[in-house]
Amino acid sequence: MDFILHSVNHLLQQEFGQTLGSKGVHIIDPFTGTGTFITRLIQSGLIKPEELSHKFKHEIHANELVLLAYYIAAINIEAAYHGQVIDEYTPFEGICLTDTFQMYEKDDLVDALLEDNSARRKRQKNLDIRVIVGNPPYSIGQGSQNDNNQNVSYPALDRRIEETYAAHSEATLSRGLYDSYIRSIRWASDRIGNAGIIGFVTNAGFLDAASQDGCANAWRMSFPASMCSTCAATSAPVAKPLAKKEARYSAVVAGHLSPFRYWLRIPTHMLRARFFSRHWRLSESR
């Protein structure tokens, strides 16, 4: 988590001449859980003391769907902030009780019943988000009808997957492309627009599985310049071959008006962290 935050800050400085504390850099954890990413951001020192108050009140955002986790996240984030800033109590207004994917589909029951929360959601949707970090959910649906774990349908988001990842896949089965964490990456890639950085904790399936080859194919077409660094492997059954295959460093450079994307992959136990940055620049070389 700290590695992700420090890496994102490094890329902001390198590609945008900004930091996580810079005014105008909006940061969101769209699947915040109990708020650990935002809490660590506040405690990390990456945001200077003189920047922290403005950032906390206006430019840090978080979403959570589960009511209990939502309240715990708000308490944790507020406690972290007041541990850094000696001031009168300030509630964290940047958190929304919402399904991040559903926000961009249509209004729902939460929007209708919670007016203050609805206002925060609408304000967030209009923001220019520069940084997206977090630990996306994982769910590919149910193994049988008895599991009661059917994925929720998000027509607009799933249509974007169909137009990009599925369209560029050679696999005959595309069910794996609608896993929640694949949806998270598709949503985040669209949400940052033409400039931004994504730092997610994910597994390695969407890069290694033949059924998900459309993800990497679509990224190569959309982001012709990339840099990838991997340390260690993924889950135990495939650790050795992946370690040999992927313990390498590569860089590809593109020309005019090229969006630059960075992949920095580090495992956290059996997971990997992925970082993506997109930045348009007028230059012939990088």
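This passage goes through the overall make-up, the cores, the surface and the salt bridges of a predicted model.

Starting with the broad picture, the protein has 286 residues, and 50% of them are buried. Its secondary structure adds up to 12 helices and 10 strands. Among contacts with a separation of 6 or more, 73% come from residues that sit 24 or more positions apart. On the outside, the protein exposes about 13900 Å², and carbon and sulfur atoms supply 55% of that area.

Inside, the largest nonpolar core gathers 34 residues, and V8, L12, L20, I42 and V131 are the ones with the most contacts within it. Quite a list of elements gives two or more residues to this core: the helices α1 (2-16), α2 (36-43), α3 (49-59) and α4 (67-84), plus the strands β2 (60-64), β3 (95-97), β4 (129-134) and β5 (196-202). There is also a second, separate core of 22 residues, with F31, Y154, L177 and A188 among its members.

One of the contributing strands, β5, is worth a look of its own. Here 7 of 7 residues are buried, and the cover extends to both faces of the strand. G196, I198, F200 and T202 make up one side, while I197, G199 and V201 make up the other. Strand β5 pairs with β4 in the parallel sense, over 4 bridges. Within that stretch, V131 has I197 of β5 as its bridge partner; V131 is also one of the residues with the most contacts inside the largest core.

Now for the surface. L65, V66, L68 and I72 together make a nonpolar patch of about 370 Å². L68 belongs to helix α4, an element that also gives two or more residues to the largest core. With a relative accessibility of 60%, L68 is over the 50% cut-off and therefore counts as exposed.

That leaves the charged pairs, with 7 salt bridges in the structure. One of them joins R120 to E93, whose closest N and O atoms are 3.8 Å apart. R120 lies in helix α7 (residues 115-125) and E93 in the loop between α4 and β3, so this salt bridge ties together parts that are 27 residues apart in sequence. The two ends sit in rather unlike surroundings: R120 is buried, at a relative accessible area of 13%, whereas E93 is partly exposed, at 41%.

Another salt bridge runs between R183 and D158, with 2.9 Å between the closest N and O atoms. This pair, too, links distant parts of the chain, as R183 is in helix α9 (residues 180-191) and D158 is in helix α8 (residues 155-166), 25 residues apart. Here both partners are tucked away: R183 is buried with a relative accessible area of 4%, and D158 counts as buried at 15%.

Helix α9 holds a further pair, R186 and D190, whose side chains meet in a salt bridge at 2.7 Å, N to O. These two are 4 residues apart in the helix, so about one helical turn separates them. R186 is buried, at 7% relative accessible area, while D190 is partly exposed, at 33%. The pair does not stand alone, as salt bridges with shared partners join R160, E163, R186 and D190 into one network.

Terms used. Residues numbered from 1 in each chain as written. Predicted model: local features only at pLDDT ≥ 70, side-chain atom pairs only at ≥ 80, totals over all residues. Heavy atoms only, no water. Core = buried A, V, L, I, M, F, W, Y, C linked by side-chain atoms within 4.5 Å. Buried < 20%, exposed > 50% of the residue type's maximum accessible area, 1.4 Å probe, protein only. Pairing = 2+ DSSP bridges. Contact = heavy atoms within 4.5 Å. Areas by Shrake-Rupley, 256 points an atom, 1.4 Å probe, with all protein chains shown as cover. Patch = residues over 30% accessible without salt bridge, like charges linked within 9 Å, V, L, I, M, F, W, Y side chains within 5 Å. Salt bridge = Lys/Arg side-chain N within 4 Å of Asp/Glu carboxyl O.
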